[in-house]
Amino acid sequence: MGLFGPDLPKRVTTEEYKRIKESLYGKLDEHERNEVEQLFRADLNESGEDAGISQKEFDAAMDWLKANKSKHVLEESDISLIEKYFTEHLRD
């Protein structure tokens, strides 16, 4: 519990997202990395306590990727890598 109320859920911050991008650099090509960035751009640009990517937002993005394979260039192995690196940062 936080000082003035309940703790906010863990979020991937802009700084953590930069580290995730660095981890994905050698594993995804530029076009694939751009797809990931477009997927999370709105979440990363939120302000205040909503800034960053929450678990709920991340789960919704992963569900969309898996359900809409014809609408993006990411393969199943790419999605697994993305899940791996984000999960490391979303753990409380």
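Which elements do the buried residues of helix 2 pack against? In this predicted model, the partners are strand 1 (11-12), helix 1, strand 2 (53-54), helix 3 and helix 4. The buried residues in question are Glu32, Glu35, Val36, Phe40, Asp43 and Leu44. Helix 2 also bends, by about 30°, and the bend is located at Gln38.

Not every residue of helix 2 is hidden from solvent. Arg41 belongs to this helix, which covers residues 30-44, and its relative accessibility of 44% places Arg41 in the partly exposed class, because that class lies between the 20% limit for buried and the 50% limit for exposed. From C-alpha to C-alpha, 16 Å separate Arg41 from Glu30, a residue eleven positions away in sequence.

Phe40 brings the aromatic residues into the picture. Four aromatic pairs are present in the structure. One of them joins Phe40 to Phe58 in a stacked arrangement, with 6.1 Å from centre to centre and 15° between the planes. This pair connects distant parts of the chain, since Phe40 sits in helix 2 and Phe58 in helix 3 (residues 55-67), 18 residues apart. Both Phe40 and Phe58 are buried. Beyond this pair, Tyr17 and Phe86 join Phe40 and Phe58 in a cluster linked by ring pairs.

Tyr17 and Phe86 appear again where two helices meet. The axes of helix 1 (residues 14-24) and helix 4 (residues 76-90) approach within 10 Å and cross at roughly 145°, and the crossing is right-handed. On the helix 1 side, the contact is formed by Glu16, Tyr17, Arg19, Ile20, Ser23 and Leu24, while helix 4 contributes Leu81, Ile82, Tyr85, Phe86 and His89. Sorted by character, the residues of this contact comprise seven nonpolar, two polar and two charged.

The loop between helix 3 and helix 4 supplies another buried position, Leu74. Is this residue's relative accessible area on the buried or the exposed side? The value for Leu74 is 6%, and Leu74 counts as buried because the class takes in everything under 20%. With neighbours within four places in sequence set aside, Leu74 is in contact with Glu32, Glu35, Val36, Leu65, Ile79 and Ile82. Among these partners, Glu32, Glu35 and Val36 are themselves buried residues of helix 2, and Ile82 takes part in the contact between helix 1 and helix 4. Leu74 also lies 8.8 Å from Leu28, C-alpha to C-alpha, although 46 residues separate the two along the chain.

A further buried site is found in strand 2, where Ser54 is located. Its relative accessible area is 8%, so Ser54 is classed as buried. Which residues does Ser54 contact, leaving aside its neighbours within four places in sequence? The contacts of Ser54 are with Lys10, Arg11 and Leu90. Strand 2, which holds Ser54, is also one of the elements against which the buried residues of helix 2 pack.

Terms used. Residues are numbered from 1 along each chain as its sequence is written. This is a predicted model: local features need pLDDT of at least 70, side-chain atom pairs count only at pLDDT 80 or more; totals for chains, interfaces and linings use all residues. Side-chain values use heavy atoms; hydrogens and water are left out. Axes are lines fitted to C-alpha atoms, for helices over the stretch in contact, and angles run from 0 to 180 degrees between N-to-C directions. Helices (H or I, at least four residues) and strands (E, at least two) are DSSP runs, numbered from the N terminus. A crossing is left-handed if the near helix is turned anticlockwise from the far one by less than a right angle, and right-handed if clockwise. Contact means heavy atoms within 4.5 Å. Ala, Val, Leu, Ile, Met, Phe, Trp, Tyr, Cys and Pro count as nonpolar, Asp, Glu, Lys and Arg as charged, and the others, Gly among them, as polar. Buried means under 20% relative accessible area, exposed over 50%, partly exposed in between (1.4 Å probe, protein chains only). Rings of Phe, Tyr and Trp (its six-membered ring) pair if their centres lie within 6.5 Å; planes under 30 degrees apart count as stacked, over 60 as edge-to-face and the rest as tilted. The bend at a residue is the angle between axes fitted to the seven residues ending there and the seven starting there.
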